[in-house]
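I opened the model today to look up a few side-chain contacts and strand pairings. My notes follow in the order I checked things.

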Amino acid sequence: MKCLFLYNPNSGKGKLLKKLPYVEHRLKERFEEVVCRATKSAEDLEKQAREGAERFDAVIFSGGDGTFHHVLEGIGEREVTLGYLPSGTVNDAARSLGIPKGLKGALNVIVKGNAERVDCMRINGSHYAVYIAAAGAFTRVTYDTPQAEKRLLGKAAYAVEGLKQSDFQPFPVTVCCDGEKTETSAALVFVLNGKFVAGFPVNDEASLKDGMLEVVIIRQAKRTNFARKIKTMCALAHLFLFGCKVRKKDVLLLRGRRVEIETEEGVLWDFDGEKGTRGRVEIEALPQRMKMFVGKNK
């Protein structure tokens, strides 16, 4: 069996580059041939992942949630086994998949070889996401937060950046979830396949193997004032502290296999923390589309 290992040589202040011989040595415990290649950009990562899916039995990659997203965008629906060495700030995808954050633990998962099929999402017929599509309040935080702040403060850097973006505006949404139509005004919309968001177990009872998506909407009246903004902030805090299963009036939860969301053309979506499309989206669960090395019984 052959595997391709993709890595960013500048990731984590270059720490991974120093550990590259160790990574290659461990991967050779499972694979007969290991090819290591550095990536230069998100576009280069997608290109190399796409080409690797055609030539290798497995594509292993290191990085954060955004890296995972670009790998999935690259391979699309090609058949290849994926292995993930998380090295991002919060690593929501890894948490949902039972993959340890530490390099040794993540490599152990791959070497043990427990490969399972898990769900992912397809958006507008041609884009892919691992665990979340989001629009509204604070969703720009993941890509607006400077790398220097993330290295210095870790997950707290997102909170600092979030305070700068707290003056959010509501937007109209019409959601059709498996034929059930809902119209409302929202401050935040999540379409979830994973369990964690920003390190919090927002969707902790969900499964990445059930072919279902959870849609979470923080409602907010179109005309905002100070009291309504405080109310929305409380609903957001409730969501992140207690998860979407603990019901609250301003938090709407829907569940289905296919979701269509109509909204204003200027509303920006992000996919796995990376900038996505604007306006209307169609999102569907792809049951067991990804084959991955994951933590056993996780």
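I began with Arg258, which is partly exposed because its relative accessible area is 35%. This is a predicted model, so I read every value below as computed from it. I looked for the partner of Arg258 and found Glu282, the two side chains meeting in a salt bridge at 2.9 Å, N to O. Glu282 sits in strand β15 and Arg258 in strand β12 (residues 258-263), so this pair ties together parts 24 residues apart in sequence. Glu282 has a relative accessible area of 24% and is therefore partly exposed.

I then checked what else Glu282 touches. Its side chain also meets that of Arg280 in a salt bridge, 2.8 Å from N to O. Arg280 is at 35% relative accessibility, so I noted it as partly exposed. Following the contacts outward, I got a network of salt bridges that links Glu77, Arg122, Arg258, Glu260, Glu262, Arg280, Glu282 and Glu284.

How many salt bridges does the structure hold? I count 18. One of them joins the side chains of Arg78 and Glu54, at 2.9 Å from N to O. This pair links distant parts of the chain, with Arg78 in the loop between α4 (65-75) and β4, and Glu54 in helix α3 (residues 42-55), 24 residues apart. Is Glu54 buried or exposed? Glu54 is at 57% relative accessibility; exposed starts over 50%, so Glu54 counts as exposed. Arg78 has 32% and is therefore partly exposed.

Next entry: strand pairing. I followed strand β5 (residues 115-123), which pairs with strand β15 (residues 281-293) in the antiparallel sense over 8 bridges. Within this pairing, Glu116 has Met292 in β15 as its bridge partner. β5 also pairs with strand β6 (residues 127-129), again antiparallel, over 3 bridges. Here Met121 stands opposite Ala129 in β6. β5 and β6 make a hairpin with 3 residues between them, and Asn124 in the turn has a positive phi of about 55°.

I also went through helix α6 (residues 103-112). Its buried residues are Leu103, Ala106, Leu107, Val109, Ile110 and Val111. I kept in mind that an α-helix has 3.6 residues a turn, so residues three or four places apart point the same way. What do the buried residues of α6 pack against? They pack against α2, β3 (58-63), β4 (81-86) and β15. Just after α6, Gly113 takes a positive phi of about 80°.

Aromatic rings came next. A search of the whole structure gave me 7 aromatic pairs. In one of them, Phe31 and Phe293 have ring centres 6.3 Å apart and planes at 75°; edge-to-face needs over 60 degrees, so this pair is edge-to-face. Phe31 lies in the loop between α2 (20-27) and β2 (33-38) and Phe293 in strand β15, so the pair ties together parts that are 262 residues apart in sequence. Both Phe31 and Phe293 are buried. Phe61 and Phe68 form another edge-to-face pair, 5.1 Å centre to centre with 65° between the planes. Phe61 is buried, at a relative accessible area of 0%, and Phe68 counts as buried at 0% too. Ring pairs link Phe61, Phe68 and Tyr84 into a cluster.

I looked for charges over rings as well. Lys2 lies over the face of Phe56, 5.5 Å from the ring centre. Arg95 lies over the face of Phe196, 5.7 Å from the ring centre.

Last entry: cysteines. How many disulfides does a search of the whole structure find? It finds 0. I wanted to know why Cys3 has no bond. The closest cysteine sulfur to that of Cys3 is in Cys36, 7.2 Å away, which is too far for a bond because a disulfide needs the sulfurs within 2.5 Å. Cys3 is buried, with a relative accessible area of 0%. For Cys176 the closest cysteine sulfur is in Cys177, at 7.8 Å, also too far for a bond. Cys176 is partly exposed, with a relative accessible area of 25%.

Terms used
Residues numbered from 1 in each chain as written. Predicted model: local features only at pLDDT ≥ 70, side-chain atom pairs only at ≥ 80, totals over all residues. Heavy atoms only, no water. Pairing = 2+ DSSP bridges. Helix = DSSP H or I, 4+ residues; strand = E, 2+ residues; numbered from the N terminus. Buried < 20%, exposed > 50% of the residue type's maximum accessible area, 1.4 Å probe, protein only. Phe/Tyr/Trp six-rings, centres within 6.5 Å; stacked < 30°, edge-to-face > 60°. Lys NZ or Arg CZ within 6 Å of the ring centre and 35° of its normal. Contact = heavy atoms within 4.5 Å. Salt bridge = Lys/Arg side-chain N within 4 Å of Asp/Glu carboxyl O.
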